[in-house]
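Visitor: I should like to learn how to read the features of a structural model. May we go through them in turn?

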Amino acid sequence: MKDLFDKIYSDKGPLGKWANQAEGYFIFPKLEGPISNRMKFKGKDVVTWSINDYLGLANHPEVRKVDAEAGVKWGSAYPMGARMMSGHTELHEQLQNELAAFVQKEAAYVLNFGYQGMVSTIDALVNKDDVIVYDVDAHACIIDGVRLHMGQRFTYKHNDMESIEKNLQRATRVAEKTGGGILLISEGVFGMRGEQGRLKEIIALKEKYNFRFFVDDAHGFGTLGKTGAGAGEEQGVQDGIDVYFATFAKAMASTGAFIAADQEIIDYLKYNLRSQMFAKSLQMQLVEGALKRLDMLRTMPELKEKLWENTNALQNGLKERGFDLGTTQSCVTPVYLKGSIPEAMALVKDLRENHGIFCSIVVYPVIPRGLILLRMIPTASHTQEDIDETLNAFSAIRERLENGTYKRLSAGIAEEMGEEV
Ligand SMILES: Cc1ncc(COP(=O)(O)O)c(C=O)c1O
């Protein structure tokens, strides 16, 4: 019989196998200094494009003041216990009411973490007779929620209406046999490629099929729609979303999350979300901080305007220089290049050390082999100077990629890893 750990000693997993070459640099890098458009990486100044601080709130003086004062007032323990037992407060309720109004829903429920909240919400919405239909590119928390499901599930091709309809037909046939219902799950904005979920077209399918629609709008909340209510508002279909989810970890630059829906649905969920019933409530400093941030989302439209001004300048500048941004329809800015994993490593090293540009790098197995995805998140705190430096740096690295410089520089790594360049 094998020791349980044998597999761990012999196989570190698709990312773990790169640990020696990548850790501390490409994976688990340490960005230092105050969160802003420019931070320090390995002691050098870099323009930061990898922080989801869309509205520039993370280090905003008003936000920092409220966070600090709330820390002094409450400490980090308050309230002790899960919401249901001893962790419920007036401020949690106030935050829920304000969030519900902001996203144009009857009610909301605050979650201590987005990831677990998402998993639990999926778990609570379905039983074994129900069928889940979801996008193949769904975020890990959606996939984990679906993994808990005891009944049938179907994935559809990413954002593909024909595939969505085909899978709704399949799901309908199953649900008619089991006597269950259908839950369709999409993201409002897909965080890697930046495409919006096809919420409007999916909601139009409610005319033909009987399903409920759950949207994870982590990247849309605060960045899309006239008032910042997200991808549903942007597409004019917020009413058609049956359960809306967003995290505080992006536009709100904090920790925590919420779901919003009709009152009766929220009343049910608050009694059935296992990750909230059996885990500590969101701490008070974060609740007060979220109230402050939400107030800024409501009253300072200039933050979203600045975010979009920077997004448009960055995306248009890249497009004018002939870069492939795929099909982004949001602030998420992916740049697709062609190259091997070792070349990608040499390229990012050059970008960080010689050009002072820090962005995330995504390679196989997250995207197909042979593609390099450099992913940038513009924020309201970036400047035109940051954008100009970045555009020049991108032109320079593309030239070096095309003339084989990174291939030569990465030959050693490639040999060590048995990877093709
Ligand atoms: C689409 C999506 N859903 C859910 C989450 C999880 O949220 P949290 O970081 O609040 O746990 C994330 C990541 O932050 C995300 O990108």
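**Reading strands, salt bridges, rings and surface**

Guide: Let us begin with strand pairing. Strand β2 (residues 38-41) and strand β3 (residues 44-48) pair in the antiparallel sense, over four bridges. Please bear in mind throughout that this is a predicted model.

Visitor: Which residue stands opposite M39?

Guide: In β3, V46 is the residue that stands opposite M39. The two strands β2 and β3 form a hairpin, with two residues between them. In the turn, K42 has a positive phi of about 50°.

Visitor: In which sense do β3 and strand β12 pair, parallel or antiparallel?

Guide: β3 and strand β12 (residues 357-358) pair in the parallel sense, over two bridges. There, T48 of β3 stands opposite F358 in β12.

Visitor: Let us turn to charged side chains. What is the general idea?

Guide: Side chains of opposite charge can pair when their charged atoms come close. In this structure there are 18 salt bridges. One of them joins the side chains of D386 and R38, at 2.7 Å from N to O. Because D386 lies in helix α16 (residues 384-402) and R38 in strand β2, this pair ties together parts that are 348 residues apart in sequence.

Visitor: Is D386 buried or exposed?

Guide: D386 counts as buried because its relative accessibility is 1%, a value under the 20% limit for that class. Its partner R38, at 32%, counts as partly exposed. The pair also belongs to a wider arrangement, since R38, D386 and E389 are linked in a network of salt bridges.

Visitor: Which residue forms a salt bridge with D45?

Guide: The partner of D45 is K40, and the closest N and O atoms are 2.8 Å apart. D45 counts as exposed, at 52% relative accessibility, whereas K40 counts as partly exposed, at 36%.

Visitor: Which side chain meets K208 in a salt bridge?

Guide: The side chain of E165 meets K208, at 2.5 Å from N to O. K208 lies in the loop between α9 (199-204) and β8, and E165 in helix α8 (residues 161-178), so the pair ties together parts that are 43 residues apart in sequence. With a relative accessibility of 58%, K208 counts as exposed.

Visitor: How many aromatic pairs does a search of the whole structure find?

Guide: The search finds 10 aromatic pairs. To read such a pair, one considers the distance between ring centres and the angle between planes; planes over 60 degrees apart count as edge-to-face. For F102 and F221, the centres are 5.6 Å apart and the planes lie at 75°, so the pair is edge-to-face. This pair links distant parts of the chain, 119 residues apart: F102 is in helix α5 (residues 90-102), and F221 is in the loop between β8 (212-216) and α10 (231-234). Both F102 and F221 are buried.

Visitor: What is the geometry of the pair that Y244 and F258 form?

Guide: Y244 and F258 form a tilted aromatic pair, with 6.1 Å from centre to centre and 40° between the planes. Y244 lies in strand β9 (residues 243-247) and F258 in strand β10 (residues 257-261), so the pair ties together parts that are 14 residues apart in sequence. Y244 is buried, with a relative accessible area of 0%, and F258 counts as buried at 0% as well. Ring pairs link F102, F221, Y244, F248 and F258 into a cluster.

Visitor: How should I read the surroundings of a single residue, for instance I185 in strand β7 (residues 182-187)?

Guide: One asks how much of the residue is accessible, then what it touches. I185 is buried, with a relative accessible area of 1%. Leaving aside neighbours within four places in sequence, the contacts of I185 include M118, I122, I132, V133, Y156 and F214. K157 is 28 residues from I185 along the chain, and their C-alpha atoms are separated by 13 Å.

Visitor: Which residues form a nonpolar patch on the surface?

Guide: L4, F5, I8 and Y9 form that patch, with about 450 Å² of accessible area together. Of these residues, Y9 has its place in helix α1 (residues 6-10). Y9 is exposed, with a relative accessible area of 57%.

How values were computed
Residues are numbered from 1 along each chain as its sequence is written. This is a predicted model: local features need pLDDT of at least 70, side-chain atom pairs count only at pLDDT 80 or more; totals for chains, interfaces and linings use all residues. Side-chain values use heavy atoms; hydrogens and water are left out. Buried means under 20% relative accessible area, exposed over 50%, partly exposed in between (1.4 Å probe, protein chains only). Contact means heavy atoms within 4.5 Å. Patches are made of residues with over 30% relative accessible area and no salt bridge: like charges are joined within 9 Å, nonpolar side chains (Val, Leu, Ile, Met, Phe, Trp, Tyr) within 5 Å. Accessible areas come from the Shrake-Rupley method with a 1.4 Å probe; for residues, only the protein chains shown count as cover. A salt bridge is a side-chain nitrogen of Lys or Arg within 4 Å of a carboxyl oxygen of Asp or Glu. Two strands pair if DSSP finds at least two bridges between them. Rings of Phe, Tyr and Trp (its six-membered ring) pair if their centres lie within 6.5 Å; planes under 30 degrees apart count as stacked, over 60 as edge-to-face and the rest as tilted.
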